Amino acid sequence: MIRWLLSFPYFLREALKGMRESAGVPFIAVGITTISLIFLGALWIVRLNVSDLIVTWRERFQLTIFLAEGASPEQREALRRVVSGAQAVQRVEEVSPERAVEEFRGWLGPDADLLEGFDGNFLPASIRVILKPDRRDLAHVESLMAQVRLMPGVERTRNDLAWLRRLEGAIRLVDVAAWTLSGLLGLGVVFIIGNTIRLTLFARKDDIEIMHLVGATDIFLKTPYVAEGVLCGALGGALSVLALWGLFYGVFLPLAGRYAGEEFAMSAGGWSLALGLLGTGAALGFLGSAFSVRHFLRGTR
Amino acid sequence: MIRLTEVWKRYEEGGFALQEVGLHIPRGEFVFITGPSGAGKTTLLSLLYGAESADRGQIFIAGRNITRLRRRDLPHLRRGIGVVFQDFKLLPRRTVFDNIAFCQRSIGVPAREARRRVYGVLKLVGLAAKRDMFPRLLSGGEQQRAAIARALVNRPPLLIADEPTGNLDEKMAREVMDLFCAINRMATTVVVATHDRSLIEYVGRRAVRLEHGQIVNGAS
């Protein structure tokens, strides 16, 4: 084991030599690995950002109870008491018609003059209910809404749950697609690297014969070729990270900023995605080459 | 050093390569295995370094029964046996030095120690000056000496050579035999398969004659 560890620089040199001497075949494998990992990385960037978006929206999630025009102060107070007392509720805010119009004006921004000519109280009074972070699920929301809807003084209720659920459904779909495609692309990379290493093994059949003859153990026979597969995969991973970041920061973000405004924020996955792609490439390279070497050596003993 | 008792080996296609072979070669001896083509010389040598396994019988190398050897122990057996072939089996993309150093690194010898051993063995076979040349630039005799250096670099107690002079002219063949004799004088057991009677006479050592897979002369 110690001999094996101490021989690592030699294995790496042999692996690099193998890549150079195989007339560019490993670089085709690196290219295909890069392209596959770009797709895979892009998929995970989409998944990550949709997931972040859901978390953000969930944090902002609130229920709105619109009050009937003639709701009496007692009805409001009763409503406020019931809602505040519910376990799922963190905070309750009462919004007067004037404040609602003010907020609406704020949202409209430069287009606020559209409201000129409207009566200052044209929006209904409402109660905003902010739920505790761990209670923002369908069961809690629906039970509270069912209770509130029956109370006097309530005109209607609104919550953003329906589209949040649709979005969560969408991310589950993205998850399934991401895992399925990752699996397929991974298999493809394993196959390509495995075949590349097989070509290297055929090209260096004489070396292997001699290694057998002089008493090289299996691990010493296999390691240079497995190292070559890992290098191909890791190189593909590194190039895919560079390409993804180049496309993301150089093309996608400027375009998105131009069309969606300066507040548009998306993440390129950071170092975790980079290390993930590098590690995935290396692991796929390891699998492909280990499989090929094992298969090849079985026939040469 | 080597003891075979009632060893049988059948060809995959049918027929016997070796039949009831019994042979004893003491440590430090120089022995020729001779006989016509197809007599079983190469098969016998292959059994000794574990490239093939006997169908029946026992083979002892340095007191160890190699017919019961586990596959994972085979590399350790081979490190104690140097093997030389008629076609040299040198790697054309590597220099003479690298051909030998590569074998050392393949068994985990550290770079510095490997370099030291390779220089030493190249000096022994008289190829130190040509260490950076590629095999194709060497004569047949020099290529065989490089192959012998590779076989000797682990300082094995047993050297096996299968028709080592088959591709060489008479002068070069005698040079190679002189080298084997020198190696034998360093207490290495040497087993050479050849059908060249003049070489056997030149060296003047024990010859074991095989015919149709059976030893007909010189078994002990």
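Welcome! Start by selecting B:G140, B:G141, B:Q144, B:R145, B:I148 and B:L152 in helix α5 of chain B, then add B:M172, B:E175, B:V176, B:L179 and B:I183 in α6(B): these two groups meet each other. Sorted by class, this contact has 6 nonpolar, 3 polar and 2 charged residues. Keep in mind as you look around that this is a predicted model.

Now show the two helices in full, residues 140–152 for α5(B) and 170–185 for α6(B). How far apart are their axes? They lie 9 Å apart, and the helices pack at an angle of about 20°. Angles under 35 degrees count as roughly parallel, so α5(B) is roughly parallel to α6(B). Their crossing is right-handed.

Keep α5(B) on screen and add strands β6 and β7 (158–162) of chain B. The helix lies across both strands, running at about 165° to β6(B).

Next, colour the whole sheet. The order of its 6 strands is β6-β7-β8-β3-β9-β10 in chain B; the sheet is open, and its pairing is mixed. Find the edges at β6 (81–85) and β10 (214–217): each has a single partner strand, so one side of each has no neighbour in the sheet. On average, neighbouring strands are turned by 25° against each other, direction ignored.

Zoom in on β3 (residues 30–34) and β9 (residues 206–211) of chain B, which run parallel and are joined by 4 bridges. Here you can spot B:V31 opposite B:R206.

Last stop: show both chains. Here 14 residues of chain B are in contact with 16 residues of chain A. On the chain B side, α2 (74–78) and α3 (96–106) each supply at least two of the touching residues. By class, that side has 6 nonpolar, 3 polar and 5 charged residues.

Terms used. Residues numbered from 1 in each chain as written. Chains lettered and ligands numbered in written order. Predicted model: local features only at pLDDT ≥ 70, side-chain atom pairs only at ≥ 80, totals over all residues. Axes fitted to C-alpha atoms, helices over the stretch in contact; angles between N-to-C directions. Parallel < 35°, antiparallel > 145°, perpendicular 65-115°, else oblique. Left-handed = near helix turned anticlockwise from the far one by under 90°. Contact = placed C-beta atoms within 7 Å. Nonpolar A, V, L, I, M, F, W, Y, C, P; charged D, E, K, R; others polar. Pairing = 2+ DSSP bridges.
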